[in-house]
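Reader: I should like to go through this model with you, one topic at a time. Shall we begin?

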Amino acid sequence: MKTSLAGKWVLITGASSGFGAATALKFAAEGSRLLLGARRVDRLEAVAQECLKAGAAATHVHRLDVSETPSVEAFAQWTRTLTDKVDVLINNAGGAHGIDTVANGKDADWEAMVQSNLLGVMRVTRAILPLMVQNPGASILNIGSIAGRVAYEGGSVYCGVKSAELMITRALRLELSGTGVRVGSIDPGLAETEFSMVRFKGDATKSAKVYEGLEPLTGDDIADILVFCASRPPHVCIDELLVKCTAQAAIHKVHRQPAAPAKA
Ligand code: NDP
Ligand code: 8X3
């Protein structure tokens with residue numbers, strides 16, 4: 001039977017766009033209380049307004065840079081001023097920077113990916129765990145990727161950090177055994193968000209090509225799955241879930257419809 005998410009405290013990192021923003025709206029529609037973090041506070045505030053309209057019991061936003069421990073600590077401290085428990089933690093902040101081969105990789109891109117996708121999950125989880133371990137039935141849902149399961153050319157560091165995310169998820173589940181806290185990894189394939197614009201540093205043409213001729217996943221698709229996972233009864237833990245658009249049979253096998261010929 002579904003567990004109600006009404007009034008539950010749901011903390012989402014990277015809630016200013018993409019999966020995070022869509023997920024905030026879906027939990028809002030369930031009547032949850034939202035704690036939203038990201039670096040772009042103006043975007044967070046806009047998401048929060050939409051969440052209130054969608055039915056959120058409360059929305060709170062605070063700047064969060066998961067790549068800096070002091071920022072994460074300040075966010076956790078702010079969280080503790082609002083609630084002494086968190087019911088759902090969604091470690092979503094992250095993304096890819098560049099698509100260079102190992103031979104051509106840039107330090108700044110590598111460091112940004114390690115800091116946000118890998119160390120960010122560690123920092124946020126460490127800071128928020130004290131608000132969850134006394135709360136059986138709570139859920140930690142980490143956003144991994146198909147890239148954490150299969151390597152591809154130009155994806156070395158991104159694949160590496162998402163693979164680390166999967167292992168962190170598995171280790172954490174073992175460490176929390178007996179607390180009643182559930183830990184899962186949701187691993188999407190191709191999804192159209194701001195992800196590719198970030199990866200290609202604002203190049204809209206390269207970004208659009210990623211999704212050309214196929215129907216990719218959307219933020220809503222992933223948000224629905226996160227709501228589903230968090231609303232299972234407390235004895236049910238969805239450990240790992242790989243979700244791809246139908247056109248993506250495998251990481252290297254993506255079916256694309258040819259573009260329709262231009263009308264004369
Ligand atoms: P978006 O670029 O739309 O969203 C990324 C979010 O992460 C933004 O809200 C951004 O907020 C936040 N973020 C990035 N770096 C930091 C940071 N250092 N501190 C705090 N927040 C940060 O992309 P998606 O929604 O697609 O990405 C969400 C997650 O899903 C990422 O972890 C990504 O790797 C993963 N993913 C994406 C897939 C896809 O194809 N789209 C597939 C599989 C996984 P801000 O810039 O305001 O800080
Ligand atoms: C994003 C999916 O295949 O672009 O995590 O790496 S992919």
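Reader: What is 2.8 Å from an oxygen atom of ligand 1?
Author: An N or O atom in the side chain of Arg-40 lies at that distance, 2.8 Å, from a ligand 1 oxygen. A polar contact here is a pair of N or O atoms within 3.5 Å; within protein, one must be able to donate a hydrogen and the other to accept it, and residues adjacent in sequence count only if both atoms are side-chain atoms. This is a predicted model, in which local features need pLDDT of at least 70 and side-chain atom pairs count only at pLDDT 80 or more, while totals for chains, interfaces and linings use all residues. Residues are numbered from 1 along each chain as its sequence is written, chains are lettered from A and ligands numbered from 1 in the order in which they are written, and side-chain values use heavy atoms, with hydrogens and water left out.

Reader: And which side chain has an N or O atom 2.9 Å from a nitrogen atom of ligand 1?
Author: That is Asp-65. In addition, a polar backbone atom of Glu-194 is 3.1 Å from an oxygen atom of ligand 1.

Reader: How much of ligand 1 does the protein cover?
Author: On its own, ligand 1 has 870 Å² of accessible area, and the protein covers 94% of this. Accessible areas come from the Shrake-Rupley method with a 1.4 Å probe; for residues, only the protein chains shown count as cover.

Reader: Which residues come nearest to ligand 1?
Author: Ser-16, Arg-39, Arg-40, Tyr-158 and Thr-193 come nearest, out of 31 residues around the ligand. A residue is counted as near if one of its heavy atoms lies within 4 Å. By class, that shell holds 13 nonpolar, 13 polar and 5 charged residues. For these classes, Ala, Val, Leu, Ile, Met, Phe, Trp, Tyr, Cys and Pro are nonpolar, Asp, Glu, Lys and Arg are charged, and the others, Gly among them, are polar.

Reader: Which helices each supply at least two residues of that shell?
Author: Helices α1 (18-29), α5 (156-175) and α6 (195-199) each do so. Helices (H or I, at least four residues) and strands (E, at least two) are DSSP runs, numbered from the N terminus.

Reader: Turning to ligand 2, what surrounds it?
Author: Its surroundings are Ser-145, Ile-146, Ala-147, Tyr-152, Tyr-158, Phe-195 and Arg-199. By class these are 5 nonpolar, 1 polar and 1 charged.

Reader: Which side chains have an N or O atom 2.6 Å from an oxygen atom of ligand 2?
Author: Ser-145 has one at 2.6 Å, Tyr-152 has one at 2.6 Å, and Tyr-158 has one at 2.6 Å. The protein covers 86% of the 240 Å² of accessible area that ligand 2 has on its own.

Reader: What lies 7.6 Å from Ser-145 in space, C-alpha to C-alpha?
Author: Leu-242 does, although the two are 97 residues apart in sequence. Leu-242 belongs to strand β7 (residues 240-243).

Reader: Salt bridges next. How many are there?
Author: The count is 13, a salt bridge being a side-chain nitrogen of Lys or Arg within 4 Å of a carboxyl oxygen of Asp or Glu. One of them joins the side chains of Arg-43 and Glu-194 (2.4 Å, N to O). Arg-43 lies in helix α2 (residues 41-54) and Glu-194 in the loop between β6 (182-188) and α6, so this pair ties together parts that are 151 residues apart in sequence.

Reader: Is Arg-43 buried or exposed?
Author: Arg-43 is partly exposed, at a relative accessible area of 30%. Buried means under 20% relative accessible area, exposed over 50%, and partly exposed in between (1.4 Å probe, protein chains only).

Reader: What does Arg-170 pair with?
Author: The side chain of Arg-170 meets that of Glu-240 in a salt bridge (2.6 Å, N to O). Arg-170 is in helix α5 and Glu-240 in strand β7, so the pair ties together parts that are 70 residues apart in sequence. Both residues belong to a network of salt bridges that also links Arg-149 and Asp-187.

Reader: One last topic: where is Lys-201?
Author: Lys-201 is in the loop between α6 and α7 (204-210). Lys-201 has a positive phi of about 55° although it is not a glycine. Most residues other than glycine have a negative phi. Lys-201 is also exposed, with a relative accessible area of 55%.
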